[in-house]
Each structure stands twice: as C-alpha cells, then as structure tokens.
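Good morning, and thank you for joining this meeting. I shall present one structure, beginning with the ligand and then turning to the protein around it.

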Amino acid sequence: MRVLVLGGTSEASGLAALLAKRRDIEAFMSFAGRTKAPVAPPIPLRSGGFGGADGLALYLQAERIDVVVDATHPFAEQISRNAEAAAQRCDIPLVILSRPPWTREAADRWIDVPDMASAAAALGRESRRVFLAIGRLQIAPFEAAPQHFYLIRSIEPVAPSIPRHRVIEARGPFDAEAEERLLCDEMIDIIVTKNSGADAVFGKILAARRLGLPVVMVERPSNGANAVHDPTEALDLILRHGARPAPRGV
Ligand code: NAP
C-alpha cells in the first residue's frame, strides 16, 4: 500500500514514525517547503506545492497513492480543501489527522474570535503589550492596531510593518515555566494565539492561566468532525482502508 502524508505538524511526524516501521506500507511525506530547515521525517520527503487540487490529483495518480492523509495544521485551510477534492477525484480514501482543540478551564480568561482581523480588534483601543504567538504568515491584520507593542515569535525571520515590535526566532516545544518567565520579563498584558491544540505550544496557555492573563483565542476554521486525533488511530484507519479493494480513477 502506498500512502501520502500531507504534513507540517507533530501529528504528521508521529504518524511518519509509525509508518516507517511498516514493511507493508510505502509512505511518503509532503511539506509545503516554507520552513528552511525542517526536521527530516523518517520516510521519503517531497517538498513544495502540487499546483492546487488538480496538481495534487495528478500527483496521487502518478505516484499510485492508495490512501492520502491530511495531517496538516488545523489552520492550513487551502491544502485541506485540495486534499479532499483530489482524494474524491481519484476515488481514494482520505484520512484526516488533527489534534483536538484546547478547551477552556475555569481559570482561563479567553476571548474567542473567528479570525485574525477580529483578534486585532479584540486587543482594544488602549495601548497594550501583546504576545503574538501565531507564526509569521498572518501578522498583517495587526497593522490595523498600531497602538500596541507586539512581541512576535516565529520559527523563520519576519519583518512586519508594525511600528512597535520585537521578533523572537524560536522553535517549540515551549514549557510553561519558560513561557511564564517570558511573559513576566516582557511585561505582557495579553496573548494572541490560534487554537492549534498542540502540546508543544500549550505552555503559554498554562502560563497565562497561572498569571491570570487574557488570551485572544482564534478559533479553528473547521470543526474537524471527521478527524482522528492520534497517529495510532490514523494508522488503524489506513490499515482498514488498505484491507478493502479500492476502486481507482481520475
Ligand atoms: P495552506 O494555506 O492551506 O496552503 C497553501 C498552499 O501551500 C497549498 O495550496 C499548497 O500549494 C501548499 N501546501 C500546504 N501544505 C502543503 C503540504 N503539506 N505539502 C505540499 N504543499 C502544501 O497552508 P498554510 O497555512 O500556508 O500552511 C503551510 C504548511 O505549514 C502546511 O503544510 C501546514 O501543515 C504547516 N503549518 C501551518 C500552520 C498554520 O498556522 N497555518 C502552522 C504550523 C504548520 P498547492 O496548492 O500548490 O499544492
């Protein structure tokens, strides 16, 4: 059986580790190619876009892929739409692997918002010191709120058009103690984050809970109703699909 994993997440890496041990599965990982020095997976890697859903469908056909796994980040909307369309067109199963979102506890002061523009608006009129922990791709909406100071954390270098900011280049995991120190040292008033659900970046949520800081929580674009949450569950599903004779065609 030949399996394509669309990755870029720790769940995808977890699944790759399981697939690498299987003799009955030939698995391939695909990255978008945005991170300059990604952690190499233990299965063969291809990198870069396919050229939309059409390009992905052609790739699936050319590489005789039997099952495609969408293990991309819950906020990576386009590639997930493409994966669904291409799998449908090729008549092959799609497995969706995604962590469950974080859920609020009593001590949390979350402000739920649907997107980044709403997150920028939720920071309010008064100048605040904001920890922007959203990666580097969606910083532009915060240019509309230049009254704030932004501490921006990103794996890759970033040069935003925001008057008052500082960039920290760092790759997770980040533990709660270190996050608490960072928030205190930088005198942060409020955090902006996406509800990725990832353990590796949960430290800031715990730290905010302990310090009583508000968190602007950007909700996921999809409710992930068809997703499995764990690499082991994804492997089970792949094996179940592999046991069935699959019709094929584009
Ligand atoms: P996106 O908007 O959904 O995707 C934009 C385009 O990038 C896609 O149409 C596709 O190009 C290409 N692409 C995305 N993921 C790919 C993959 N795994 N393999 C090959 N091509 C891929 O995605 P994004 O939000 O920019 O995220 C890019 C990647 O970073 C994703 O793989 C995601 O898992 C990872 N990531 C995203 C976030 C986030 O917050 N969005 C956070 C952490 C990691 P073509 O149409 O040309 O095929």
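**The ligand and its surroundings**

Helix α3 makes the greatest contribution to the shell around the ligand, supplying four residues. Please bear in mind throughout that this is a predicted model. Both α3, residues 77-90, and strand β2, residues 26-31, provide at least two residues of that shell.

How many residues surround the ligand in total? There are 22, and the closest are S30, R34, F50, I79 and K194. By character, the shell consists of eleven polar, seven nonpolar and four charged residues.

Let me turn to individual polar contacts. R34, one of the closest residues, places a polar side-chain atom 2.5 Å from an oxygen atom of the ligand. The backbone takes part as well: a polar backbone atom of F50 is 2.7 Å from a ligand oxygen atom. For Q78, a polar backbone atom lies 2.9 Å from an oxygen atom of the ligand. What share of the ligand's exposed area does the protein bury? Taken alone, the ligand exposes 800 Å², and 78% of that is buried by the protein.

**The five-stranded sheet**

I continue with the strands. Five of them form an open sheet in the order β3-β2-β1-β4-β5, and their pairing is parallel. At the edges stand β3, residues 45-47, and β5, residues 94-96, each of which pairs on one side only. Ignoring direction, neighbouring strands of this sheet are turned by 20° against each other on average.

Within the sheet, β1, residues 2-6, runs parallel to β2 and is joined to it by five bridges. As a specific example, L4 has F28 in β2 as its bridge partner. Strand β2 is therefore a useful landmark for the viewer, as it also supplies at least two residues of the ligand shell.

Which strands does helix α2 lie across? Helix α2, residues 52-62, lies across β1, β3 and β4, the last being residues 67-70, and runs at about 150° to β1. In the loop between α2 and β4 we find R64. R64 has a positive phi of about 50°, although it is not a glycine.

**The six-stranded sheet**

The other sheet I wish to describe is open, has six strands in the order β6-β11-β10-β7-β8-β9, and is paired in parallel. Its edge strands are β6, residues 109-113, and β9, each pairing on one side only. From one strand to the next, the twist averages 20°.

Strands β7, residues 129-133, and β10, residues 190-194, run parallel and are joined by four bridges. Here A133 stands opposite T193 in β10. Strand β10 ends at residue 194, and K194 is among the closest residues to the ligand.

Two helices deserve mention. Helix α5 lies across β7, β8, β9 and β10, and runs at about 150° to β8, which spans residues 149-154. Helix α6, residues 203-211, lies across β6, β7, β10 and β11, the last being residues 214-218, and runs at about 150° to β10.

**A cis peptide bond**

Finally, where is P173 placed? P173 is in the loop between β9, residues 165-169, and α5, residues 176-185. The peptide bond joining G172 and P173 is cis, with omega of about 5°. As background, most peptide bonds are trans, and most residues other than glycine have a negative phi.

That concludes my presentation, and I welcome your questions.

Definitions and conventions: Residues are numbered from 1 along each chain as its sequence is written. This is a predicted model: local features need pLDDT of at least 70, side-chain atom pairs count only at pLDDT 80 or more; totals for chains, interfaces and linings use all residues. Side-chain values use heavy atoms; hydrogens and water are left out. A residue is near a molecule or strand if one of its heavy atoms lies within 4 Å of it. A polar contact is a pair of N or O atoms within 3.5 Å; within protein, one must be able to donate a hydrogen and the other to accept it, and residues adjacent in sequence count only if both atoms are side-chain atoms. Accessible areas come from the Shrake-Rupley method with a 1.4 Å probe; for residues, only the protein chains shown count as cover. Ala, Val, Leu, Ile, Met, Phe, Trp, Tyr, Cys and Pro count as nonpolar, Asp, Glu, Lys and Arg as charged, and the others, Gly among them, as polar. Two strands pair if DSSP finds at least two bridges between them. Axes are lines fitted to C-alpha atoms, for helices over the stretch in contact, and angles run from 0 to 180 degrees between N-to-C directions. Contact means heavy atoms within 4.5 Å.
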